[in-house]
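The exercises below go through one structure step by step. Try each task before reading its solution.

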Amino acid sequence: MYKKIAIVISLTLATLLNAGEIDNTTGLIKAEGLGEVKEHCTVCHTGRFIVVNGGNEKFWKTKIRVMQNAYGLWKIDKAEEEKMINYLTKNYAKKKQVSVNE
Ligand code: HEC
C-alpha cells in the first residue's frame, strides 16, 4: 500500500519537474510533439525562430504552409503535422518579447 503511494507521488513529482524543462539541442520546451518538431523544423534552422514567435493553431498552421511554400519544407504526414501543431500551440501560444539571439 505505502509502496504504491510512494510510486504515485514520485511519478507525479517527476511529471511536475519535467514540465517546462528545456531541450539542450533545440532550446525548445520538452513536451509531447517535440520529436516531430525536431524532425521537421529544427533541421533547417534553430528552434529560436519558434521561441520568438507565438500564436494559436491558425498561426502555426500558416507558418508551416509558409515553410512549405517558400522555404522547401516537405509534405508532412497529417498525424505528425497535428502533433506538431498541438505542441506549438500549447507551448508557444503567445509572442514573447525576446531576442532571436539567446
Ligand atoms: C527546408 C528548410 C526549413 C524547414 C524544414 C523549416 N523551416 Fe522555418 N524557415 C526556413 C527559412 C529559410 C526561414 C527564413 C530564415 C530567415 O528569415 O532568415 C525560416 C523561418 C522560420 C520562422 C521565422 C520567420 C517567420 O515567418 O516567422 C519560423 C517561425 C519558422 N521558420 C518556423 C518553422 C517551423 C514551425 C517549422 C517546422 C514545421 C519549420 N520552420 C521548418 C526554412 C525551413
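## Exercise 1: the sides of helix H5

The buried residues of H5 are Met-84, Ile-85, Tyr-87 and Leu-88. This comes from a predicted model.

Task: find which side of H5 these residues occupy, and what they pack against.

Solution.
Step 1. Around the axis, the buried residues cover an arc of only 160°, which puts them on the same side of H5.
Step 2. The face turned away from that buried side carries the exposed residues Lys-78 and Ala-79.
Step 3. The partners of the buried residues of H5 are H2, H3 and H4.
Step 4. As a check on the helix itself, 14 residues at 1.5 Å a residue should span 20 Å, and the end C-alpha atoms of H5 are 20 Å apart, which agrees.

## Exercise 2: the whole chain

Task: state how many helices and strands the protein chain has, and what share of its residues is buried.

Solution.
Step 1. The count is 5 helices and 0 strands.
Step 2. Read from the N terminus, the elements give the order α-α-α-α-α.
Step 3. Of the 102 residues in the chain, 16% are buried.
Step 4. For contacts between residues at least 6 apart in sequence, 69% join residues at least 24 apart.

## Exercise 3: the largest nonpolar core

Task: name the residues of the largest nonpolar core that touch the most other members.

Solution.
Step 1. The core has 13 residues, and those touching the most other members are Leu-28, Val-37, Ile-50, Met-84, Tyr-87 and Leu-88.
Step 2. At least two residues of this core come from each of helix H2 (34-40), H3 and H5.
Step 3. H5 gives the most to this core, with 4 residues.
Step 4. As background, nonpolar side chains in soluble globular proteins tend to be buried together.

## Exercise 4: Ile-50 and Arg-48 in one helix

Task: decide whether Ile-50 is buried or exposed, and do likewise for Arg-48.

Solution.
Step 1. Ile-50 is found in helix H3, and Arg-48 has its place in helix H3 too.
Step 2. A residue is buried if 20 or more other C-beta atoms lie within 10 Å of its own. Ile-50 has 22 of them, so Ile-50 is buried.
Step 3. Arg-48 has 17 other C-beta atoms within 10 Å and is therefore partly exposed.
Step 4. Neighbours up to four places away in sequence are left out for the contacts. Ile-50 then touches Leu-28, Cys-41, Leu-88 and Tyr-92, while Arg-48 is in contact with Gly-27, Val-100 and Glu-102.
Step 5. Arg-48 and Gly-27 are 21 residues apart along the chain, and their C-alpha atoms are separated by 7.1 Å. For Ile-50 and Val-37, 13 residues apart along the chain, the C-alpha separation is 10.0 Å.

## Exercise 5: Lys-83 and Leu-73

Task: place Lys-83 and Leu-73 among the elements, and find what each one contacts.

Solution.
Step 1. Lys-83 lies in helix H5, which covers residues 78-91, whereas Leu-73 sits in the loop between H4 and H5.
Step 2. Lys-83 counts as partly exposed because it has 18 C-beta neighbours inside 10 Å. Leu-73 has 17 other C-beta atoms within 10 Å, so Leu-73 is partly exposed.
Step 3. Beyond its neighbours within four places in sequence, Lys-83 is in contact with Gly-33 and Glu-36. With the corresponding neighbours set aside, Leu-73 is in contact with His-40, Met-67 and Gln-68.
Step 4. The C-alpha atoms of Lys-83 and Leu-34 are separated by 8.7 Å, with their positions 49 residues apart along the chain. Leu-73 and Val-43 are 30 residues apart in sequence and 10.0 Å apart, C-alpha to C-alpha.

## Exercise 6: the shell around the ligand

Task: find which residues come nearest to the ligand, and which helix gives the most to the shell around it.

Solution.
Step 1. There are 16 residues around the ligand, and Cys-41, Cys-44, Phe-49, Tyr-71 and Gly-72 come nearest.
Step 2. By type, the shell divides into 11 nonpolar, 4 polar and 1 charged.
Step 3. Helix H3 (48-51) and helix H4 (57-70) each supply at least two residues of the shell. H4 gives the most, with 4 residues.
Step 4. H4 has 14 residues and reaches 20 Å from its first C-alpha to its last, close to the 20 Å expected at 1.5 Å a residue.
Step 5. Gly-72 follows H4 and has a positive phi, near 90°.

Notes
Residues numbered from 1 in each chain as written. Predicted model: local features only at pLDDT ≥ 70, side-chain atom pairs only at ≥ 80, totals over all residues. Near = placed C-beta within 6 Å. Nonpolar A, V, L, I, M, F, W, Y, C, P; charged D, E, K, R; others polar. Buried ≥ 20, exposed ≤ 12 C-beta atoms within 10 Å, placed from the backbone. Contact = placed C-beta atoms within 7 Å. Core = buried A, V, L, I, M, F, W, Y, C linked by C-beta atoms within 7 Å. Expected span 1.5 Å × (residues − 1). Arc of directions from axis to C-beta.
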